[in-house]
Amino acid sequence: MLKSNGNSSGVSKLAEKNGISFFHIKSDKFKTVKIDIFIIDPLDRKKAAYNALLPFVLKRGCITYPTQQELSLRLEELYGAGIGAAVHKKGEYQLIQLNAGFVSDRFTVNGANLFNKAGGLLFEVFTGPVTENGIFRKDYFEQERENLIQRIRSRVNNKMYYAMQRCMEEMCAEEPFAVNEDGDEESAKALTNEGLFEHYGRLLSQNPVYVYVSGNVEDSELGKFIGKFEAIERKEIISLPAIQVKKDIKEVRRIEEPMDISQGKLCIGFRTQIEADSQEYYPLVVYNAILGGGVHSKLFQNVREKESLAYSAFSSIERFKGLLVAVSGIEISERERAERVIMEQFRAVENGDISDFEMEASKKSLVTGLKSMQDSQGAMVDFYLSQHLSGTGENMDSFIEKIMAVTKEDVIKISKKITLDTVYFLTSLSGESERSE
Amino acid sequence: MEVHEFDRIHEKIYVHKHSSGLKAFVIPKKGYNKIFSTFATNYGSINNAFVAPDEEKVTRVPDGIAHFLEHKLFEQEDGSIMDKFSRLGADSNAYTSFTQTVYLFSCTDRFNDNFRLLLDFVQNPYLTDENVEKEKGIISQEIKMYNDNADWRVFFNLLNALYVNHPVRTDIAGTVESISEITKEELYKCYNTFYHPSNMIIVTVGDVKPETVFEMVERGIKTKRNPGRIERIFPEEPAHHNMKLIEKNLAVAMPQFNMGIKDNSRVSGYDLLKRKVALEIILTVLLGKSSVLYNQLYDEGLINQSFGSDVTLEGSFGYTLWGGQSKDPQKVADRIIAAIEQVQKDGLDRKSFERIKKAHEGRFIASLNSPENISHEFIPLCFNGACFFDHSRVYEELTFDEVEEIFRDHFSAKPSLSIIWPMKT
């Protein structure tokens, strides 16, 4: 049994107006305050590169501090505050993120009211870009488009992450999910400044926005910050389409991609057939922990410890699209044996071969992970954003309760739904192991 | 039990000295769910030659042995230690750096059981010829993973360009060949030399009572006797760099570069921390996002957001480095060298120094949110005789003149450049 232990950091909804929702994750144990703004847009090949470019153009400067240098200088004056930009995807939603982080006023000289100053600056970066002739500054647009193209090309640099992304893209080749959060090179090259500015205007006026403030901030200060958003002209807010999760797999696909590398990455992709807001999601989380979520898991114990096939062997879930990928970095020549061992683990769970140790260790590891999230402002924001987007409205405590309530039978039951979709292998150019150097 | 209070940053450290020479630290974090605990030895990849206490002759061991030992300590006669931590709901892990091997766990429940397990397994190695052999397959895959990793390769190539002889130029995990030679006997030799409590510290960060932790340390640390000094042998290292430029091709989209300068000051304690902070500030003044140079290079498309810098100072080596992706790394390097030469003529900008010092202090305070980060920074400084929390004292005391002097001293040495080019098509 679990009870709220007093250290649980909850989230409270402060306001929702014109499709902009404000949340406060109140806690005084942190030395910083963070503000995160997310704009949500359906993932779409035509718009993805625009969304990926936008926050980086905005971050170049604002009306008061129009250059990166002036903005950086100002942030240094604010005790090393930071303004960040990022783009993510959760299922078939693309998330544009702008955020600010800065130390709490108790660490500043004479209580500098950084929330008001840094929060105001973030809001200005969000809504007050530097323009010329009614569009973004030309050099900012062009430089950041070039950076975006380089970012897209650099996906190959992190081989493990690249292999997982590629596996999921192949699985969803005919679905919106195949689009990368950064878009693709061709669309990035075709972006125009006019198009970006128009797109920005549309996002500001009609897309759902989530704003999270984490840390200790006075209600009156929060009220003032929320008030700033009234200045944004909002129209009718678009509703986000449902994400197609269930899919019949008629034939397992096999993809091999050669690259000039010495270690192969084997990714085995499954459809969970379980939607993000389903009650079956919680057994799925436990299922993944048993299969490949940590050192107690079947993949780690068998692929690594027993067979010495790999250093990395794990699995992870894409909650919003209902995907599960098992991954390992292996000797090229061991591909068949690795695939066999991984599939044996998958079938073992399906056949109910789950020890009490695996069940208990998995749940404990998940609970430790969830409770530990409450020690990180960034992890809490991500957790709550996922709950808000999936519409489940769970908090940390209720999520933990649901994990704890999962039984072995629940796991076996949902395991029957999980279907093999694609086997992807990132291999060497020759397709053979190189001789040791 | 000693208590050190750091009012400026609202932190405290409790210290307990065990009769064996081991020091245990508790850094309380009120309201945190997670407790993060580490057991660290002052022994890393660079310690490949040494004279053990009570011995006279030098022992030389294969590259990668410290990291190999780290892997093997997780195996006990009655199974894997990771399983035992899992049963107790904790996450366990370990890492090996140039100068330390660190065993750790984090938990939100049953701290005492987990902590006893940590003390117990690090003090009880179980090595057999078979389990040593088995580990070679796993570690070979780890080495190969790093061989394909451009960030890692560009960094180690830079160290090769900077250092002529010092073992910091060798990969932490060694090579597939060097680890193939490792034997059970050599592992025990290293263990018996470097895993004596007098060469180790225990650091716990979280919402715990220091008394409880120290009581478990008293009972759990078996050795009482302090065996005396370990002599660590390092080859003679010249002041100059090894080479100016080192290049390699890997499967990357865009060239990556690391550039750096060897630091020849051999300082320790508070002076080491002060020099490290000063060099960090200098790098931000010269190359940070508010600098003229950064913005020129960025606007010309020569660097992007991946550009960053770092400072490492240890007892036997040290360096500053900076780098990222660039379509023309050589051009970036030339421009940076020219800018450094300009500052050597004109001197550093005092206003920038004051502003950036304040910004770095703010970022230091922000970094104290993370127990992992505190441990990670605390341990190497502790082995060098400095205290991580003394950062705030440095920010208070560090003067412009001191920073100018450190700038002139450090940047008088010649930089090296390491480039990873994309594969030729």
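The following exercises, each with a worked solution, concern a predicted model.

**Exercise 1. The burial of three residues**

Task: Determine whether A:Y93 is buried or exposed, and do likewise for A:N18 and B:D54.

Solution.
Step 1. Recall the cut-offs: a residue is buried if 20 or more other C-beta atoms lie within 10 Å of its own, exposed if 12 or fewer, and partly exposed in between.
Step 2. A:Y93 has 20 C-beta neighbours inside 10 Å, and it therefore counts as buried.
Step 3. For A:N18, 17 other C-beta atoms lie within 10 Å, so this residue is partly exposed.
Step 4. B:D54 has 8 C-beta neighbours inside 10 Å and therefore counts as exposed.

**Exercise 2. The surroundings of A:Y93**

Task: State in which strand A:Y93 is found and which residues it contacts beyond four places in sequence.

Solution.
Step 1. Locate the residue: A:Y93 belongs to strand β5 of chain A, which covers residues 93–103.
Step 2. List the contacts, leaving aside neighbours within four places in sequence: A:I40, A:P42, A:L43, A:L240, A:F320 and A:L389.
Step 3. Consider a distance between C-alpha atoms: A:D41 is 52 residues from A:Y93 along the chain, and the separation of their C-alpha atoms is 5.8 Å.

**Exercise 3. The surroundings of A:Y384**

Task: Identify the helix that holds A:Y384, and decide whether this residue is buried or exposed.

Solution.
Step 1. A:Y384 lies in helix α13 of chain A, residues 377–390.
Step 2. The residue has 24 C-beta neighbours inside 10 Å and therefore counts as buried.
Step 3. Not counting residues up to four places away in sequence, A:Y384 touches A:V11, A:F23, A:I25 and A:Y212.
Step 4. The C-alpha atoms of A:Y384 and A:F123 are separated by 21 Å, and the two residues are 261 places apart along the chain.

**Exercise 4. Positive phi angles**

Task: Find where A:N18 and B:D54 lie, and explain why their phi angles deserve attention.

Solution.
Step 1. Begin with the general rule: most residues other than glycine have a negative phi.
Step 2. A:N18 is not a glycine, yet its phi is positive, at about 55°. Its place is the loop between β1 (11–17) and β2 of chain A.
Step 3. B:D54, likewise a residue other than glycine, has a positive phi near 70°. It is situated in the loop between β5 (49–51) and β6 (59–60) of chain B.
Step 4. A further positive value, about 50°, is taken by A:S308, just after α10(A).

**Exercise 5. Two crossing helices**

Task: Describe how helices α9 and α15 of chain A are arranged and which residues bring them together.

Solution.
Step 1. The axes of α9(A), residues 281–292, and α15(A), residues 408–415, come within 9 Å and cross at roughly 90°.
Step 2. An angle of 65 to 115 degrees counts as roughly perpendicular, so α9(A) is roughly perpendicular to α15(A).
Step 3. From α9(A), the residues A:P283, A:L284, A:V286, A:Y287 and A:I290 meet A:D410, A:V411, A:I414 and A:S415 of α15(A).
Step 4. By class, the residues of this contact are seven nonpolar, one polar and one charged.

**Exercise 6. The buried side of a helix**

Task: Name the buried residues of helix α10 of chain A and the elements against which they pack.

Solution.
Step 1. In α10(A), residues 298–306, the buried residues are A:K298, A:L299, A:F300, A:V303 and A:R304.
Step 2. Their partners in chain A are α9, β11 (310–318), β12 (323–330) and α11 (335–350), and chain B adds α4.

**Exercise 7. Domains and chains**

Task: State how chain A is divided and how many residues each chain gives to the contact between chains A and B.

Solution.
Step 1. Chain A consists of domain 1 (11–231) and domain 2 (253–427).
Step 2. The C-alpha centres of these two domains of chain A lie 30 Å apart. Their contact takes 27 residues from domain 1 and 29 residues from domain 2.
Step 3. On the domain 1 side, α5(A) gives the largest share, nine residues.
Step 4. Turning to the chains, the contact takes 53 residues from chain B and 53 residues from chain A. On the chain B side, the largest share, nine residues, comes from α12(B).
Step 5. That side of chain B has 19 nonpolar, 19 polar and 15 charged residues.

Note on methods: Residues numbered from 1 in each chain as written. Chains lettered and ligands numbered in written order. Predicted model: local features only at pLDDT ≥ 70, side-chain atom pairs only at ≥ 80, totals over all residues. Contact = placed C-beta atoms within 7 Å. Helix = DSSP H or I, 4+ residues; strand = E, 2+ residues; numbered from the N terminus. Nonpolar A, V, L, I, M, F, W, Y, C, P; charged D, E, K, R; others polar. Axes fitted to C-alpha atoms, helices over the stretch in contact; angles between N-to-C directions. Parallel < 35°, antiparallel > 145°, perpendicular 65-115°, else oblique. Domains from an automatic or database assignment.
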